[in-house]
Amino acid sequence: MTRQEAARLLHAYIDGELDPAKTLELEAHLAENPSVRAACERLREMSAAIRDKADYHAAPAWLEARVRAAIPAERKEASARPIRWRWLAPAGAMAADWLRPAASFAAVAVVTWVVALGTMRPGEDERITQEVLASHVRATLTNRFYDVASSDQHTVKPWLSARLAFSPPIADLSASGFDLVGGRLDYIGAQPVAVLVYKRRAHLIDVFVWPIEAQKTGQTLVHDGFNIEHFAKNGMDYWLVSDLSRNELDDFARLLAEQSAAP
């Protein structure tokens, strides 16, 4: 079993949906691969935290339509029967019905909305921290790091600008060892944001960017084994998430802030 296949099966494994043969094969892979095992534990902890602290909510019509639109046509035909949409499974299950493998994007949309509802009900920054971290973990588990793959900022920037109501600034930090590898669209709450993806050796860095009206105070966090940096420059909010070491992510954040502050 490859690492990519194991990552794709983690949701079903945690939900108890794999057949015995696949379960044994995946567990053997987990025993030999610490990084996939760690990803599995993070996903298990996230599922448990959501299950324990979230309320039940009816899915809004727009979200159901968005999830259905993400499901391939052949699955729509096979799933013509009515679906009962709900946020969380009963206490005995590891995750909700919407985390079945209909489409990984469907799971992304629903998990993001659960956090956006404020299931933890902390402050605004903690809510955003939960969401950017969840997005980074999902991208890692589903191997969907970017929608547009390119090291050229003149390719990534127009692609994102054409799909957003703002034009995200993109810094070229390759001379400092931080290479741009692509970008993707995501949502923080109900707001569409740009995600710039950089690489430092084997480590990926997600940079979430969106416009803000008021300047915010920067901060550094450690959450579920990931380092997170936050700062605001020139009317843009920046949230950085990576498993890169704290010192190196600090260096990256400083360089990014310097370029972002440049006229």
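This passage describes the aromatic pairs, nonpolar cores and salt bridges of a predicted model.

Three aromatic pairs were counted in the structure. In one of them, the ring centres of F178 and F252 are 4.9 Å apart and the planes stand at 50°, so the pair is classed as tilted. This pair links distant parts of the chain: F178 belongs to the loop between α8 (153-161) and β2 (179-188), whereas F252 belongs to helix α9 (residues 246-261), 74 residues apart. Both rings fall under the 20% limit for burial, with a relative accessible area of 2% for F178 and 0% for F252. A stacked pair is formed by F231 and Y238, with 4.8 Å from centre to centre and 15° between the planes. F231 and Y238 are buried. F178 and F252 also belong to one aromatic cluster together with Y198.

Charged side chains were found over two of the rings named here, W159 and F178. R200 lies over the face of F178, 4.5 Å from the ring centre. The charged end of R163 is placed over the ring of W159, at 3.9 Å from its centre.

The largest nonpolar core comprises 56 residues, and V207 and F252 have the most contacts inside it. With neighbours within four places in sequence left aside, V207 is in contact with A194, V195, L196, Y198, Y238, W239, L240, F252 and L256. A second core of five residues is separate, and A139, V181, V197 and L204 are among its members.

The whole structure contains 13 salt bridges. One of them joins the side chains of E229 and R246, with an N to O distance of 2.8 Å. E229 is in strand β6 (residues 226-233) and R246 in helix α9, so this salt bridge ties together parts 17 residues apart in sequence. E229 is buried, at 6% relative accessibility.

R246 forms a further salt bridge with D250, in which the closest N and O atoms are 3.5 Å apart. R246 and D250 are four residues apart in helix α9 and are therefore separated by about one helical turn. D250 is partly exposed, with a relative accessible area of 28%. Helix α9 also holds D251 and R254, three residues apart, or about one turn of the helix. The salt bridge between D251 and R254 has its closest N and O atoms 3.9 Å apart. Both residues are partly exposed, D251 with a relative accessible area of 36% and R254 with 43%. Elsewhere, E5, K22 and E25 are joined into one network by salt bridges that share partners.

Key. Residues numbered from 1 in each chain as written. Predicted model: local features only at pLDDT ≥ 70, side-chain atom pairs only at ≥ 80, totals over all residues. Heavy atoms only, no water. Phe/Tyr/Trp six-rings, centres within 6.5 Å; stacked < 30°, edge-to-face > 60°. Helix = DSSP H or I, 4+ residues; strand = E, 2+ residues; numbered from the N terminus. Buried < 20%, exposed > 50% of the residue type's maximum accessible area, 1.4 Å probe, protein only. Lys NZ or Arg CZ within 6 Å of the ring centre and 35° of its normal. Core = buried A, V, L, I, M, F, W, Y, C linked by side-chain atoms within 4.5 Å. Contact = heavy atoms within 4.5 Å. Salt bridge = Lys/Arg side-chain N within 4 Å of Asp/Glu carboxyl O.
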